[in-house]
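Good morning, colleagues. I should like to take you through one protein model, and I ask that you keep the sequence and the structure in view while I speak.

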Amino acid sequence: MKTGKSEFIRKQNELEKNLCKFSVSFIMPKKELIKQRLKQEDVYLEFPIGEYGILPNYKNNSTEILKIGNLIKEIESDENSEIIEICLESFTFPNGSYVLNQEISTKRAYGLKKYIQFLYGFNDNLFKVKGMSDDWSRLEQLLVESDMEGKEEALFIIWNTGIFEGRENALRYLGDGKVYQYLQKHFFPLLCRFKCSVTYTIQPFDTERGKQILKTNPELLSLDELYQIARTYKYYTPMYNDIMKMIIELYPDDKTAN
């Protein structure tokens with residue numbers, strides 16, 4: 001009886017071992033047929049009253065224009081990359097007519113487009129230009145992140161009063177005008193800006209060329225290219241692990257990478 005019971009337990013253990021064998025499957029990443037990337041900068045240019053053209057020597061404009069130049073040169077200097085679109089979005093702060101600010105922001109956006117074309121000779125079809133008028137979304141974000149007095153009341157007005165239903169006037173009279181004065185001084189200068197976005201494509205790389213790119217510009221590699229490079233090393237060796245870690249850092253929101 002004792003031997004029979006031991007044999008039964010042994011067989012049960014073997015059965016459980018077989019049932020508990022797990023295997024891990026890697027999901028092969030899809031190839032990017034067109035590797036497309038985007039870089040962007042917020043640029044704060046200033047204008048004299050009634051002016052819409054870019055004045056490079058006006059106030060701090062030369063420093064801000066340099067941001068655009070560095071952004072473009074960084075992409076153009078790479079022989080593997082090609083710019084396919086430059087998007088210029090111009091924002092104003094909420095002061096006066098929304099429609100008038102829309103017109104002002106549009107004229108300024110086209111003024112910046114003309115200046116960039118003057119510097120780099122880009123064709124018209126490369127540009128997407130938008131006048132965005134008052135940047136209420138950015139103002140809301142700044143308020144949420146701040147600890148200013150009257151913050152909750154100001155947010156309540158933004159969330160519950162439409163742009164064309166007296167939102168700006170409601171803010172003007174909040175706290176005897178002190179809240180609006182604070183917004184003008186601390187937040188409005190951060191709203192009047194250009195968002196410059198440059199979209200570009202990157203040529204595909206074979207594994208050997210990809211290994212060279214990995215050392216200097218790993219962000220130019222697609223998820224599939226990184227994985228193919230990793231597979232040339234033995235599993236779980238330091239180099240293999242480093243590339244797998246890099247994949248997560250470069251593609252943190254990608255389900256396949258995770």
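I shall discuss one helix, then a buried arginine, then two backbone angles, and finally a patch on the surface. Please bear in mind throughout that this is a predicted model.

Let us begin with helix α7, which spans residues 178-186. Which residues of this helix are buried? They are V179, Y180 and L183. Viewed down the axis of α7, the buried residues lie within an arc of 95°, and therefore they line one face of the helix. The face turned away from that buried side carries K178, Q181 and K185, which are exposed. What, then, covers the buried residues of α7? The cover includes α4, α5, α6 and α8, the last of these being residues 188-191.

One of those covering elements, α4, brings me to the arginine. Helix α4 runs over residues 136-145, and R138 is found in it. R138 is buried, yet it has no salt bridge. The nearest side chain of opposite charge belongs to E145, at 5.0 Å. For a salt bridge, the side-chain nitrogen would have to be within 4 Å of a carboxyl oxygen. Which residues does R138 touch, if we leave aside those up to four places away in sequence? These are L190, L191 and R193.

I turn now to the backbone. As a general matter, most residues other than glycine have a negative phi. Two residues here call for comment on that point. The phi of S133 is positive, near 55°, and this residue is not a glycine. K59, also not a glycine, has a positive phi of about 50°. Where do they sit, and are they buried or exposed? S133 belongs to strand β3, residues 127-134. S133 counts as buried because its relative accessibility is 0%. K59, by contrast, is placed in the loop between β1, residues 35-43, and α2, residues 61-76. With a relative accessible area of 56%, K59 is exposed, since the cut-off for that term is over 50%.

My final topic is the surface. V99, I163 and F164 together make a nonpolar patch of about 320 Å². Of these residues, F164 is found in the loop that lies between α5, residues 151-160, and α6, residues 167-172. F164 counts as exposed because its relative accessibility is 65%. The two helices on either side of that loop, α5 and α6, are also among the elements that cover the buried residues of α7.

Thank you for your attention.

Terms used
Residues are numbered from 1 along each chain as its sequence is written. This is a predicted model: local features need pLDDT of at least 70, side-chain atom pairs count only at pLDDT 80 or more; totals for chains, interfaces and linings use all residues. Side-chain values use heavy atoms; hydrogens and water are left out. Patches are made of residues with over 30% relative accessible area and no salt bridge: like charges are joined within 9 Å, nonpolar side chains (Val, Leu, Ile, Met, Phe, Trp, Tyr) within 5 Å. Accessible areas come from the Shrake-Rupley method with a 1.4 Å probe; for residues, only the protein chains shown count as cover. Helices (H or I, at least four residues) and strands (E, at least two) are DSSP runs, numbered from the N terminus. Buried means under 20% relative accessible area, exposed over 50%, partly exposed in between (1.4 Å probe, protein chains only). Lys and Arg count as positive and Asp and Glu as negative; His and the chain ends are not counted. Contact means heavy atoms within 4.5 Å. The arc is that of the directions from the helix axis to the C-beta atoms.
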